[in-house]
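Trainee: I would like to go through this model by question and answer. Please give the terms as we go.

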Amino acid sequence: MVVYVDLIFLTNLCIDGALIGLTAWMRKTKLVWWRWLLSSIVGALYVVMMFVPEFDFMFTFLIKFGLSLVMLFIAFGFKGLQVFMRNLGTFYVINFVAAGGILGIHYMLQSSGELFNGIWYTASGGMSFDLKIAFWFTFIVFFAVLFLFKAVQNSKRKSDRMTTYLGEVQVYIDDVTISCTGLVDTGNQLTDPLSRLPVMVMEVSLWQDMLPAAWKDRLKEEAPDNLIMELDQEDFRWQGRLRLVPYRGINKGTAFMLAIKPDLVRVTLDQMSYETTKVLIGLDGGVLSSEGKYRAVIHPELVQDAASAQSTALSAGATEKPLNVV
């Protein structure tokens, strides 16, 4: 049997480097490049030692565990026992995920004949398994599993960040209350240029039962000013509350959004409630979240404290704002 030690060393150097790098990414820690490289070299050299008979005593659990401590110490240093133990736990979780992924994909690709050929019975009646995984299969699948693991973690972090900006919205008009989940969009600067009121956008489907029947499914395709022109023949009790808010979409010209003036809006975010009457409700004909996580886009001014809101209102009155861009 021919063994290419240099190939094994380089492969394990890449694998150990990937494990250390993903550990740093999970722990949100910045790595020093020479520490990263030195830690990977130490891990790769350990694998090469398995071909030296004199070092067979090193392949025990305690030595392997001690080596992982040395690798983490070289890569991250020692910034306290708690931090070090968290790095260690993250490192082993990533190792187990990678190893489990390789084994899972290996057995998933095997046929029933190959699977049973790897099972044999001992003289005492016990069962053993013969595991044979190709070198290049291990190398390729390892990085594929790590890539998939990182993609899943990225998605989870994005979802967690979004959750912190989700709040419950309640809109009151006369005896009608509309409730939904809203997303606080810090980049949303949509305001009515005449009244300087902030505009909170909601899906029009939430208001379908209160709007004129002739407007059903038309707000998505038809200009709202055309719909308002038809109100002469419609019985709509909130006609005096309607507004047209101009805005400029991305790569689009100026358009108008239909808005309603509510009596009160209450936003509950992080167990804190914010109430205001100085707001407009913009009606969007589409779906704001493809996953259905929220159905309203909350203007950031609605969740500021009273002093900040007053300061914003004063500055808005003294400074001319540009046309809304959303």
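Mentor: Buried means under 20% relative accessible area, exposed means over 50%, and partly exposed is in between, with a 1.4 Å probe and protein chains only. This is a predicted model, in which local features need pLDDT of at least 70, side-chain atom pairs count only at pLDDT 80 or more, and totals for chains, interfaces and linings use all residues. Residues are numbered from 1 along each chain as its sequence is written, and side-chain values use heavy atoms, with hydrogens and water left out.

Trainee: How many helices and strands does the protein chain have?

Mentor: Helices (H or I, at least four residues) and strands (E, at least two) are DSSP runs, numbered from the N terminus. Of the 326 residues in the protein chain, 35% are buried. Counted as DSSP runs, the elements of the chain are eight helices and 11 strands.

Trainee: What share of the contacts with a separation of 6 or more is between residues 24 or more positions apart?

Mentor: Contact means heavy atoms within 4.5 Å. For the protein chain, the share asked for is 65%.

Trainee: Which residue pairs with Glu203 in a salt bridge?

Mentor: A salt bridge is a side-chain nitrogen of Lys or Arg within 4 Å of a carboxyl oxygen of Asp or Glu, and the structure holds four of them. In the one formed by Glu203, the closest N and O atoms are 3.0 Å apart, and the partner is Arg295. Glu203 lies in strand 5 (residues 199–203) and its partner in the loop between strand 10 (280–284) and strand 11 (296–298), so the pair ties together parts that are 92 residues apart in sequence. Glu203 is buried at 5% relative accessible area, whereas the partner is partly exposed at 31%, and that partner is Arg295.

Trainee: Is Arg266, the salt-bridge partner of Glu275, buried or partly exposed?

Mentor: The closest N and O atoms of Glu275 and Arg266 are 2.7 Å apart. Glu275 has a relative accessible area of 49%, which makes it partly exposed. Arg266 has a relative accessibility of 21% and counts as partly exposed.

Trainee: Which residues are joined into one network by salt bridges that share partners?

Mentor: Asp263 forms a salt bridge with Arg241, with closest N and O atoms 2.9 Å apart. Asp263 lies in the loop between strand 7 (254–260) and strand 8 (264–269) and Arg241 in the loop between helix 7 (224–229) and strand 6 (242–248), so this pair ties together parts that are 22 residues apart in sequence. Arg241 is buried at 17% relative accessible area, while Asp263 is partly exposed at 33%. The network joined through shared partners consists of Asp174, Arg241 and Asp263.

Trainee: Where does Asp174 sit, and near what value is its positive phi?

Mentor: Two strands pair if DSSP finds at least two bridges between them. Strand 3 (residues 166–173) and strand 4 (residues 176–184) pair in the antiparallel sense over eight bridges, and Val169 has Cys180 in strand 4 as its bridge partner. Asp174 belongs to the hairpin of these strands, which has two residues between the strands, and its phi is near 55°.

Trainee: Which residue in strand 11 stands opposite Gly182?

Mentor: Strand 4 and strand 11 run parallel and are joined by three bridges. Opposite Gly182, the residue in strand 11 is Ala296.

Trainee: How far does helix 1 reach from its first C-alpha to its last?

Mentor: The expected span of a helix is 1.5 Å times one less than its number of residues. Helix 1 (residues 5–26) has 22 residues and is followed by Lys28, with a positive phi near 55°. Against an expected 32 Å, to which it is close, helix 1 reaches 31 Å.

Trainee: Which residues does Arg27 touch, not counting those up to four places away in sequence?

Mentor: Arg27 is in the loop between helix 1 and helix 2 and is partly exposed, with a relative accessible area of 25%. Its C-alpha atom is separated by 7.7 Å from that of Thr90, a residue 63 places along the chain from Arg27. The residues Arg27 touches are Val83, Arg86, Asn87 and Thr90.

Trainee: Which residue follows helix 3 with a positive phi?

Mentor: Helix 3 (residues 61–76) has 16 residues and reaches 22 Å, close to the 22 Å expected. Its buried residues include Leu67, Met71 and Phe76. The residue after helix 3, with phi near 75°, is Gly77.
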